[in-house]
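This report describes selected features of one protein model, beginning with an internal cavity and moving on to surface, charged and backbone features. Please keep the sequence and the structure at hand while reading.

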Amino acid sequence: MSDTRRRVKVYTLNEDRQWDDRGTGHVSSTFVERLKGTSLLVRAESDGSLLLESKISPNTAYQKQQDTLIVWSEADNYDLALSFQEKAGCDEIWEKICQVQGKDPALDITQDPIDESEEERFPEEIPETSHLVELPPCELSRLEEIADLVTSVLSSPIRREKLALALVSEGYIKKLLGLFRVCEDLDNREGLHHLYEIVRGVLFLNKAALFEVMFSDDCIMDVVGCLEYDPALVQPKRHREFLTKTAKFKEVIPITDSELRQKIHQTYRVQYIQDIILPTPSVFEENFLSTLTSFIFFNKVEIVSMLQEDEKFLTEVFAQLTDEGTDDSKRRELVNFVKEFCAFSQTLQPQNRDAFFKTLANLGILPALEIVMGMDDLQVRAAATDIFSYLVEFSPSMVREFVMQEPQQTDDDVLLINVVIKQMICDSDPELGGAVQLMGLLRTLIDPENMLASTNKTEKTEFLSFFYKYCMHVLTAPLLANTAHDKISKGELNNFQTAQLLALILELLTFCVEHHTYHIKTYIMNKDLLRRVLVLMNSKHTFLALCALRFMRRIIGLKDEYYNRYIIKGNLFEPVINALLDNGTRYNLLNSAIIELFEFIKVEDIKSLIAHIVDNFYKALESIEYVQTFKGLKGRYEQEKDRQSQRISSFPSSRYRRDARSLDEDEELWFNDDDDDDEGEPVEKSRIEDDFSDSYGKYMEAKKACYRSVAAHLPSRLCVLAGAANGAGNNVKAAALPTATAVTPNSSSASSVKTVSLPATPVMKTTLVGLVDYPDDEDEEDDDEEEQSPRKRPRLTS
């Protein structure tokens, strides 16, 4: 349907008394058989779906407001509004509604709302012919009587409606404002106080027809003047002086449309009345100003729409904003205008808001932000941050797309995201309010959850690769600078603001660990980042130490053996345990968080970490008995040792081959993945012993020593089996063996095996791990273990 007269927006009033946009479509009035009556139908202009189907009820009160609005209530607490593009369309539908209800289209309301409880209580006090309240003559001597009348009707919906109709029909508002000017000239304070009560009460009548009169250009300043004379104040406020002299209307680009200029002035002044002059309504009064809120809302919609339709205006705004010749003060005004423009755009319906932000993007809003966010003016940077937040909230993908399309300069600092990171790092606010806001925006941009997998499957991969290549070093620079040489810099020790900044960076890095897996893993390994982060465990700021601990906790929480080996190899539990010991007997958050970390390792039975902790730190931790965590770790460790011993004794042949191979399936998969990894993780594959957990490595070394000490005394049968197994494990060909073993069928005992002794030298060359654990040799094994594989004690500080 192309008829613009019938083009409308559908709004519903939510629980917060704000209008929600339900969509744009075309309205018609049609008889609906199912509803058995003439109904208003609105079909969406995008897909023809039904946005509204509302039967015109004979008893429903419809109101026409501002020439282009029709408002009514379908049920309790469910208000509806149709906003017409053209006045002619509104008049046409209004006449149809009045025709169905048998009312005069000249009126702005079709029904007198009836309070049912009042009807029941006073059925005879409201005669059918009584439609209007009788108003006293508008004279100075009758102001007190008028004030009492206005105040008395506020508790009754019926009387409020009738008083509003009387005020409109008799032109009473302008007469009252004439009396205000007289009272002010005479300095009649009593009359001015009465006029304050009258005007305030008229606003609480909540009628759009009254607002249109009161907020017109020739009346609004007198309305503000009446509201200056609050009887509770000793001296009147000077709101008119502020609005006319202090508040200046700045046209960054001249507005040629007089209607648009008038609408902007009106909206600002009405907003001032609502937010500044009128007191905060009580619980009983909160619905009295809902129409005032709607008045402001629809004004803002009109302003944004009118500005958007003026192509020359917006083009000129962005041309000056990005022009290098524009002076700083002018650019400041332009940025503040764009910020206000974006704030007003929040009143638009979703599809119109999409078009609005796409228009801004096409006009060059993002390149402009790069310029203004690098300025020294704090107000400009704050406004630019607000604009950036609107853009990121609207479409993170649009911002990411722009960033990746930026020309790669030799200096990465010119990239928009790096400009944002630098502003976060350089925030001069002691509370880092701007930094916190920017950190939230960065987290939105790097969050894989809002990356469009359906339309662009490569967005996640491409953007994260870009971010880690060009931006991550800028983000981590303060962290690395303050933890150089594995020590906290003096500046961090004394600077609370720096500590807060490092905490924000750690929060973002922790988010990366949870959501980025591969990219952050590579970065942590290459930069040895966890070691640098754990330096902050020594910080005097407990919240910063907790952030560092949280970072490690997230890594361990992934239960990734790759991370586990990195932690073991770097001995990265040492600063955590030092912090626990330094904390002493204090029962605080740091103590609980550290114990929770070890409890998690115990409950999840992360074997490699359990073995490392028990082997290297149990002596320092065994005295902690107020929790059972560390004894539990020791118990887990002993259980695993017993399990390994049982496997060796129960399955000698298969276990022998298993020991020779050394790697479990996860480790083999990890090595296979490493072969395909082009990021160059610092893993030394040739040193296989580095990939064993320390405890099991020591255990197997003890077995080697045991075998060497008893090899010469082994029976020849075991020597042959050991030689054969070792030959298989070390790719020794059978042809190299000087003799063979003959085994009779179905033989299971030693007597049925005929053997020939092999020379001792080949056996010793191919031996890796002994098979038999002789009970009598336990003491000897313990002695050998202590001699050949002494336990390394960590260098713990008190």
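## A cavity between helices

Helix H5, residues 172-186, and helix H6, residues 189-204, each contribute at least two residues to the lining of the second largest cavity. The model under discussion is a predicted one. It holds 3 cavities of 30 Å³ or more, and the second largest encloses about 50 Å³ of space.

Which residues line the second largest cavity? They are Ile173, Leu176, Leu177, Val199, Val202 and Met214. Helix H5 provides the largest share of this lining, with 3 residues. By character, the lining residues divide into 6 nonpolar, no polar and no charged. The idea behind such a search is simple: rolling a probe the size of a water molecule over the atoms shows where empty space is left.

## A nonpolar patch on the surface

Helix H5 also contains Val182. Together with Leu140 and Leu186, Val182 forms a nonpolar patch on the surface, and the three residues have about 250 Å² of accessible area together. Is Val182 buried, partly exposed or exposed? Its relative accessible area is 36%, so Val182 is partly exposed, given that this class lies between the limits of 20% and 50%.

## Helix H4 and its contacts

Helix H4 covers residues 157-169, and Pro157 is found in it. Pro157 has a relative accessibility of 29% and therefore counts as partly exposed. Although Pro157 and Leu205 are 48 residues apart along the chain, their C-alpha atoms are separated by 8.9 Å.

Helix H4 takes part in a salt bridge as well. Lys207 pairs with Glu161, and the closest N and O atoms are 2.4 Å apart. Because Lys207 lies in the loop between H6 and helix H7 (208-214) while Glu161 lies in helix H4, the pair ties together parts that are 46 residues apart in sequence. Both partners, Lys207 and Glu161, are buried.

## Salt bridges

How many salt bridges does the model contain? The count comes to 29. The following table lists some of them.

| Acidic residue | Basic residue | Closest N and O atoms |
|---|---|---|
| Glu161 | Lys207 | 2.4 Å |
| Glu599 | Lys602 | 3.1 Å |
| Glu625 | Lys631 | 4.0 Å |

The pair of Glu599 and Lys602 lies within one element: both residues belong to helix H29, residues 589-604, and they are 3 residues apart, about one turn of the helix. Their exposure can be stated for each residue. Glu599 has a relative accessibility of 27% and so counts as partly exposed. Lys602, at 17%, counts as buried, because buried means under 20% relative accessible area.

In the pair of Glu625 and Lys631, the closest N and O atoms are 4.0 Å apart. Lys631 counts as partly exposed, since its relative accessibility is 39%. Salt bridges can also be joined into networks, and Lys64, Lys87 and Asp91 are linked in this way.

Lys602 also appears in a further relationship. Its C-alpha atom is 9.7 Å from that of Tyr637, although the two residues are 35 residues apart in sequence. Tyr637 is found in helix H31, which covers residues 629-650. With a relative accessible area of 7%, Tyr637 is buried.

## Positive phi angles in two loops

The last topic is the backbone. Leu432 has a phi near 55°, a positive value in a residue other than glycine. Where is Leu432 found? It is located in the loop between helix H18 (416-425) and helix H19 (433-445). Leu432 is buried, with a relative accessible area of 3%.

Lys559 likewise has a positive phi, about 55°, although it is not a glycine. Lys559 is located in the loop between helix H26 (542-557) and helix H27 (561-569). Its relative accessibility is 44%, and Lys559 therefore counts as partly exposed.

Conventions. Residues numbered from 1 in each chain as written. Predicted model: local features only at pLDDT ≥ 70, side-chain atom pairs only at ≥ 80, totals over all residues. Heavy atoms only, no water. 1 Å grid on protein atoms, 1.4 Å probe; cavity = no way out; pocket = protein on both sides within 12 Å on 5 of 7 lines; lining within 4 Å. Points joined across faces, edges and corners; volume = space filled by probe spheres on them. Helix = DSSP H or I, 4+ residues; strand = E, 2+ residues; numbered from the N terminus. Nonpolar A, V, L, I, M, F, W, Y, C, P; charged D, E, K, R; others polar. Patch = residues over 30% accessible without salt bridge, like charges linked within 9 Å, V, L, I, M, F, W, Y side chains within 5 Å. Areas by Shrake-Rupley, 256 points an atom, 1.4 Å probe, with all protein chains shown as cover. Salt bridge = Lys/Arg side-chain N within 4 Å of Asp/Glu carboxyl O. Buried < 20%, exposed > 50% of the residue type's maximum accessible area, 1.4 Å probe, protein only.
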